[in-house]
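I opened this model to go through the core, the helices, the charged pairs and the backbone. The entries below follow the order in which I looked.

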Amino acid sequence: MASKRSPRVYDGRLVRVVQITRDPSIAMRQGVPPSTARGWLRQAPRHIALDTDDRLFLDLHRRLARLERRARRLAAMLRLFVVLLRVLKPDLSH
């Protein structure tokens, strides 16, 4: 007889970070299954009493998510620029 699987319990702060940043990859990097992380986005935000450390934790994760999005965008622009240079082959000798 197979035993029943107990549901995993995740830190409420991690759930809150995913809900605030709307970025499930934060949780997936911590080992949370993708379906679970995406499910947190569909749920209503959890209301958790936050102390100063938790607020700092959430603010840092929000800032990190914003910077990661910006870095991905800049990397994509740089790749396009390199391709453009290779296609146009500008003469920089002048």
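**Entry 1: the core**

I started with the largest nonpolar core, which has 12 residues in all: Leu 14, Val 15, Val 17, Val 18, Ile 26, Ala 27, Val 32, Ala 37, Trp 40, Leu 41, Leu 58 and Ala 65. I then looked up which elements give two or more residues to this core, and noted helix 1, helix 2, helix 3 and helix 4 (52-88). Helix 1 supplies the largest share, 4 residues. I keep in mind that this is a predicted model. As background, nonpolar side chains in soluble globular proteins tend to be buried together.

I picked Val 32 from the core and listed its contacts. With neighbours within four places in sequence left aside, Val 32 touches Tyr 10, Leu 14, Ala 27, Ala 37 and Trp 40. Leu 14, Ala 27, Ala 37 and Trp 40 are also listed in the core.

**Entry 2: helix 1**

How many of the residues of helix 1 are buried? I found 8 of 10, so helix 1 is largely enclosed by the rest of the structure. Buried here means under 20% relative accessible area. The buried residues are Gly 12, Leu 14, Val 15, Arg 16, Val 17, Val 18, Gln 19 and Thr 21. Among them, Leu 14, Val 15, Val 17 and Val 18 belong to the core. I also checked what the buried residues of helix 1 pack against, and found helix 2, helix 3 and helix 4.

**Entry 3: helix 3**

For helix 3 (residues 34-42), I noted Ala 37, Gly 39, Trp 40 and Leu 41 as buried. These buried residues pack against helix 1 (12-21) and helix 2 (25-28). Ala 37, Trp 40 and Leu 41 are also listed in the core.

**Entry 4: salt bridges**

I counted 3 salt bridges and took them one at a time.

Asp 11 and Arg 13 are joined through their side chains, with N to O at 3.0 Å. Asp 11 is partly exposed, at 39% relative accessible area. Arg 13 is partly exposed as well, at 31%.

Arg 29 pairs with Glu 68, and their closest N and O atoms are 3.4 Å apart. This pair links distant parts of the chain, with Arg 29 in the loop between helix 2 and helix 3, Glu 68 in helix 4, and their positions 39 residues apart. Arg 29 is partly exposed, with a relative accessible area of 47%. Glu 68 has 21% relative accessibility and counts as partly exposed. Since the cut-off for buried is under 20%, Glu 68 at 21% does not count as buried. I also found the two side chains listed as a polar contact (3.4 Å).

Arg 62 pairs with Asp 59, with the closest N and O atoms 3.1 Å apart. Where do Arg 62 and Asp 59 lie? Both are in helix 4, 3 residues apart, about one turn of the helix. An α-helix has 3.6 residues a turn, so residues three or four places apart point the same way. Arg 62 is partly exposed at 31% relative accessible area, and Asp 59 is partly exposed at 41%.

**Entry 5: a nonpolar patch on the surface**

I next looked for nonpolar residues on the surface. Leu 78, Phe 81, Val 82, Val 83, Leu 84, Leu 85, Val 87 and Leu 88 form a patch with about 750 Å² of accessible area together. I checked Leu 88, which is found in helix 4. Is Leu 88 buried or exposed? I recorded Leu 88 as exposed, with a relative accessible area of 58%.

**Entry 6: positive phi**

Last, I went through the backbone angles. Most residues other than glycine have a negative phi. I noted Arg 22, just after helix 1, with a positive phi of about 60°. Arg 22 lies in the loop between helix 1 and helix 2 and is exposed, at 52% relative accessible area.

I also noted Lys 89, which is not a glycine but has a positive phi of about 45°. Lys 89 sits in the segment after helix 4. Its relative accessible area is 67%, and I put Lys 89 down as exposed.

Notes: Residues are numbered from 1 along each chain as its sequence is written. This is a predicted model: local features need pLDDT of at least 70, side-chain atom pairs count only at pLDDT 80 or more; totals for chains, interfaces and linings use all residues. Side-chain values use heavy atoms; hydrogens and water are left out. Buried means under 20% relative accessible area, exposed over 50%, partly exposed in between (1.4 Å probe, protein chains only). Contact means heavy atoms within 4.5 Å. A nonpolar core is a set of buried Ala, Val, Leu, Ile, Met, Phe, Trp, Tyr and Cys residues joined through side-chain atoms within 4.5 Å. A polar contact is a pair of N or O atoms within 3.5 Å; within protein, one must be able to donate a hydrogen and the other to accept it, and residues adjacent in sequence count only if both atoms are side-chain atoms. Patches are made of residues with over 30% relative accessible area and no salt bridge: like charges are joined within 9 Å, nonpolar side chains (Val, Leu, Ile, Met, Phe, Trp, Tyr) within 5 Å. Accessible areas come from the Shrake-Rupley method with a 1.4 Å probe; for residues, only the protein chains shown count as cover. A salt bridge is a side-chain nitrogen of Lys or Arg within 4 Å of a carboxyl oxygen of Asp or Glu.
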